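Visitor: I am new here and would like a friendly tour. Could you show me what we are looking at?

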Amino acid sequence: MRDPFFSPPSSLVKATEPVARSLALQTLPFHVHEILPAFCFYEFVNRVVSPYVSARLAPRTYPHLPRKTKINWNVHFVSMVQSCFINTLALWVIFMDKERNQMDWKERVWGYTGAGGMVQGFAAGYFGWDLWASIKDVDVHGWGALFHAFSALAVSTMGFRPFVNYYGLNFILYELSTPFLNIHWWLDKVGMTGSTTQLVNGIALLTSFGGSRLVWGSYQNFKMYKDIWRAIQTPGELPVPTWLAMGYLLSTTALSFLNFYWFGKMIQAVAKRFERPSDGGGEEKRKR
């Protein structure tokens, strides 16, 4: 399936080709016109759209937030916009790209379609912005977020060789849980901790996170490991460089471990918001 986005300007393709050749990213020039606008768009959302919209949707909360919390709020706003957009786009390509759906194991390792590259390009633009935001405000987001942003960008960039571009699109669906995570965070900040709304959203968060990242993600990792191993072991096929296979597998495995770790933290965080306070005084009165 061809890239349904507009064709990249020839001048931009030519300007990108030397970098693409040096990094062995053959399909990068065909999608740089999606990466750069995505990066700029998310920075615009962070600096302009989020402050403007948030101050009107939460006038009693957002303007009075301390610096670090406000930075976090804006990042969650960007994440909300991105996750809704990229999930819709990825699901559309997964269901509509017949060429992709007919790929065998060789094509799942080395194959490429323009539509899949488009999703990868927009995702790489966001992950590039996320890495920039994590570096710029590492005191706010922490080193774990920085490592996650770097790994996500590395994995999405490797797909431009192309390499396991098929699975890169499947991993995008990790973002299905992100809208509920953002809502959960916002409900705390606007004074709705422990509310029925947060309970319903918490159930949706844990269900979507467990389903998309732990179940679906682990299954896709298993399939990807199997295809890469088959490519390495099959003589006469395109060689898979050891550093490339190891780099990709280590990045995706690290992300998987982080997902399991975060899932445990999420269960604790959601449960904590609905714990009943100890009624020690009441018990004492009843005994008397």
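**A first look at helix 1**

Visitor: Which residues of helix 1 are buried?
Guide: Welcome! Please keep in mind that this model is predicted. A residue counts as buried when its relative accessible area is under 20%. In helix 1, the residues that fit this are Val13, Thr16 and Ala20.

Visitor: Which helix do the buried residues of helix 1 pack against?
Guide: Val13, Thr16 and Ala20 are the buried residues of helix 1. Their packing partner covers residues 32–57 and is helix 2.

Visitor: How far apart are the end C-alpha atoms of helix 1, against the span they should have?
Guide: Helix 1 has 13 residues, from 10 to 22. At 1.5 Å a residue, these should span 18 Å. The model agrees with this, as the end C-alpha atoms are apart by 19 Å.

Visitor: Where does helix 1 bend, and which proline follows within four residues?
Guide: The bend in helix 1 is about 35° and sits at threonine 16. That residue is also one of the buried ones. Following within four residues of the bend is proline 18.

**A buried arginine**

Visitor: Is arginine 161 buried or exposed?
Guide: Arginine 161 lies in the loop between helix 7 and helix 8. Its relative accessibility is 15%, and the cut-off for burial is under 20%. Therefore arginine 161 counts as buried.

Visitor: Which residues does arginine 161 touch, not counting those up to four places away in sequence?
Guide: One of them is Ala24, which comes just after helix 1 and takes a positive phi of about 60°. With that one included, the list is Leu23, Ala24, Leu25, Gln26, Pro241, Trp243 and Leu244.

**Empty space inside**

Visitor: How many cavities of 30 Å³ or more are there, and what volume has the largest?
Guide: Rolling a probe the size of a water molecule over the atoms shows where empty space is left. Here the count comes to 2 cavities of 30 Å³ or more. The largest has a volume of about 350 Å³.

Visitor: Which residues are closest to the centre of the largest cavity?
Guide: The lining of the largest cavity has 25 residues, which divide into 13 nonpolar, 10 polar and 2 charged. Closest to the centre are Phe127, Val155, Gly168, Phe171 and Ile172.

Visitor: Which helix gives the largest share of the lining of the second largest cavity?
Guide: The second largest cavity has a volume of about 50 Å³. Its lining includes Arg100, Met103 and Tyr112. The largest share, 3 residues, comes from helix 8.

Methods:
Residues are numbered from 1 along each chain as its sequence is written. This is a predicted model: local features need pLDDT of at least 70, side-chain atom pairs count only at pLDDT 80 or more; totals for chains, interfaces and linings use all residues. Side-chain values use heavy atoms; hydrogens and water are left out. On a 1 Å grid over the protein atoms alone, a cavity is a set of points where a 1.4 Å probe fits but cannot get out, and a pocket is an open set with protein on both sides within 12 Å along at least five of seven lines; lining residues have an atom within 4 Å of a point. Grid points are joined across faces, edges and corners, and a volume is the space filled by probe spheres set on the points. Ala, Val, Leu, Ile, Met, Phe, Trp, Tyr, Cys and Pro count as nonpolar, Asp, Glu, Lys and Arg as charged, and the others, Gly among them, as polar. Helices (H or I, at least four residues) and strands (E, at least two) are DSSP runs, numbered from the N terminus. The expected span of a helix is 1.5 Å times one less than its number of residues. The bend at a residue is the angle between axes fitted to the seven residues ending there and the seven starting there. Buried means under 20% relative accessible area, exposed over 50%, partly exposed in between (1.4 Å probe, protein chains only). Contact means heavy atoms within 4.5 Å.
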